[in-house]
Amino acid sequence: MSWKDECGVFGVFQAPEAAQLCYLGLYALQHRGQESAGIVSFDREGQFYVVKETGLVSEIFNDNNLKYLAGESAIGHVRYSTSGGSTKFNIQPLYSKTSKGKIALAHNGNLTNAYYLYHQLKNEGAIFQSTSDSEIVLHLIARSRQEDVVEAVAESLRQIEGAYSMVILGEGYMLAARDPQGFRPLVLGLFEGAYVVASETCALDLIGADYVREIEAGEMVKIDASGIQSSRIFPNDLPQKKAYCVFEHIYFARPDSVVFGEHVHDVRKEFGRVLAREHPISADLVMAIPDSGNSAALGYAEESGIRFDFGMTRNHYVGRTFIQPSQNIRNFSVKVKLNPIKNVLKDRRVIVVDDSIVRGTTSRERVTAIRKAGAKEVHVRISCPPITDPCYFGIDTPQKDKLIGSSRNVEEIKNYIGADSLGFLSISGMLDAIKSIQPDHFCTGCFTGKYPIEVKDNGKFSIDQQDFNYYIA
Ligand code: AMP
């Protein structure tokens, strides 16, 4: 995807009603991207079928277009983009007829050398249809001199850098690949004998597929009629440091998923426990900012011995965007999503647990709302460290100057959001809480500015850098 897209991918090979399974998989992955979605299917006659649109999975797909998506194999994608890349041409899966046959591709992650590859390919005559870094991979595959498509894909993947968890559907095969650092998750499952790949295990759960294992960092699997074959993208690569995205565990993944081999809810609860030890305070109750703070708040309450209660109710039917009323309703965007429960909060000293502070603007509005509902004291606890730097690997964080943690210390952030006290989880506390993974196998770039691989583009690959315009619906 273009720079700063958040995404989820799903694929199923040779199962009856493949498109329906894919649709359900995307439904479970909707939290990974709410702007657009697509499915590409492939049938025994060698035909590909494409349905993709802007909107939620539930809005895009219906009986008619799912019937149109014929065949026993399908891949799908959900996407959210922020950097002006919301053109319909960017909706994935991308599909192309290449010299290596027809190919559809769905990609989660961001490439960090896309800008350079884009210009190189363009100078060589490549014509780009989208403003998406993922299209670069299709061009590289099409231009590869390797005759075998798997070799061509591997050769292409060896040229790209950055984060990719990718599913490719070709004529009679499906490929799943994950970058050597393993930034984004990708798992393998089995549904009634058919292989399934998904960004998160919650998608396997919904269709009733069994979890088999993760696609390893640096691994590419080929699934075809003869079964499954695994290979290394870099055949001679030595075991190297991984760079799993810790923000998947903090915020992005669903709590019912197993990510990088760890249960997300358990990890978040442990974050909350460590947070309670690092930043204790006496109070009457612990509450979460729902839903992102739920698991950590439970952990904080358990560890501190202070009771948990629901201090806010969330409206689950609000997406990321909604039409603002023309008259000025104060704090409308916060109120439409979350409403304080006054009886719980009135005259209480409240510990409010959330997963992260990015810009600080919504946290500030929430603290104001909790106070207005009658809370006597508002102590904010955040289950990750201050975010100081942007992500270049697939999480939607704004530029550095928009990140409150980049220019203000904890005391200043506390004053900005209007809390009585504020505590962030420490980096070491966070990493130690994830027991089975060595701390140096995580990417913590958004908290340190130290990225596990060089970011050559520095975020340059966006629609603004290109020389064509699209109608943006
Ligand atoms: P703010 O106070 O404006 O920094 O917003 C903080 C809220 O944003 C927290 O409740 C987080 O759960 C949420 N958040 C963190 N990362 C993201 C993201 N990538 N996309 C949307 N919301 C996020």
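## Glu270 and its partners

At 15% relative accessibility, Glu270 counts as buried (buried means under 20% relative accessible area, exposed over 50%, partly exposed in between, with a 1.4 Å probe and protein chains only). Its salt-bridge partner is Lys435, with the closest N and O atoms 3.5 Å apart; the term covers a side-chain nitrogen of Lys or Arg within 4 Å of a carboxyl oxygen of Asp or Glu. Glu270 sits in helix H9 (residues 264-278), while Lys435 sits in the loop between helix H16 (427-433) and strand S23 (442-443), so this pair links distant parts of the chain, 165 residues apart. Helices (H or I, at least four residues) and strands (E, at least two) are DSSP runs, numbered from the N terminus. Lys435 itself is exposed, at a relative accessible area of 61%.

That pair belongs to a wider set: salt bridges that share partners join Lys269, Glu270, Arg273, Glu302 and Lys435 into one network.

## Ground rules

This is a predicted model, in which local features need pLDDT of at least 70, side-chain atom pairs count only at pLDDT 80 or more, and totals for chains, interfaces and linings use all residues. Residues are numbered from 1 along each chain as its sequence is written, and side-chain values use heavy atoms, with hydrogens and water left out.

## Other salt bridges

Side chains of opposite charge can pair when their charged atoms come close. The structure holds 24 salt bridges. One of them joins Glu72 to Arg44, with 3.6 Å between the closest N and O atoms. Glu72 lies in the loop between helix H3 (63-68) and strand S4 (73-80), and Arg44 in the loop between strand S2 (36-42) and strand S3 (48-54), so the pair ties together parts that are 28 residues apart in sequence. Glu72 is partly exposed, with a relative accessible area of 23%, whereas Arg44 counts as exposed at 66%.

Then there's Asp354 with Arg366, whose side chains meet in a salt bridge at 3.1 Å, N to O. Here strand S20 (residues 349-354) supplies Asp354 and helix H13 (residues 361-372) supplies Arg366, twelve residues apart. Both Asp354 and Arg366 are buried.

## Lysines at the surface

Arg330, Lys335, Lys342 and Lys372 form a positive surface patch. Patches are made of residues with over 30% relative accessible area and no salt bridge, joining like charges within 9 Å and nonpolar side chains (Val, Leu, Ile, Met, Phe, Trp, Tyr) within 5 Å. Lys and Arg count as positive and Asp and Glu as negative, with His and the chain ends not counted. Of the patch members, Lys335 lies in helix H11 (residues 332-335) and is partly exposed, at 44% relative accessible area.

Lys402 is placed in the loop between strand S21 (377-382) and helix H14 (404-407). Lys402 counts as partly exposed too, at 47% relative accessibility. Leaving out residues up to four places away in sequence, Lys402 touches Val358 and Arg359 (contact means heavy atoms within 4.5 Å). The C-alpha atoms of Lys402 and Val358 are separated by 8.1 Å, with their positions 44 residues apart along the chain.

## Leu29, out of sight

Leu29 lies in the loop between helix H1 (18-28) and S2, and is buried, with a relative accessible area of 0%. Again not counting residues up to four places away in sequence, Leu29 touches Gly8, Val9, Phe10, Val78, Ser199, Glu200, Cys202 and Ala203. As for Val57, 28 residues apart from Leu29 along the chain, the two C-alpha atoms are separated by 9.4 Å.

Definitions and conventions: Accessible areas come from the Shrake-Rupley method with a 1.4 Å probe; for residues, only the protein chains shown count as cover. The place of a charge is taken as NZ of Lys, CZ of Arg, CG of Asp or CD of Glu.
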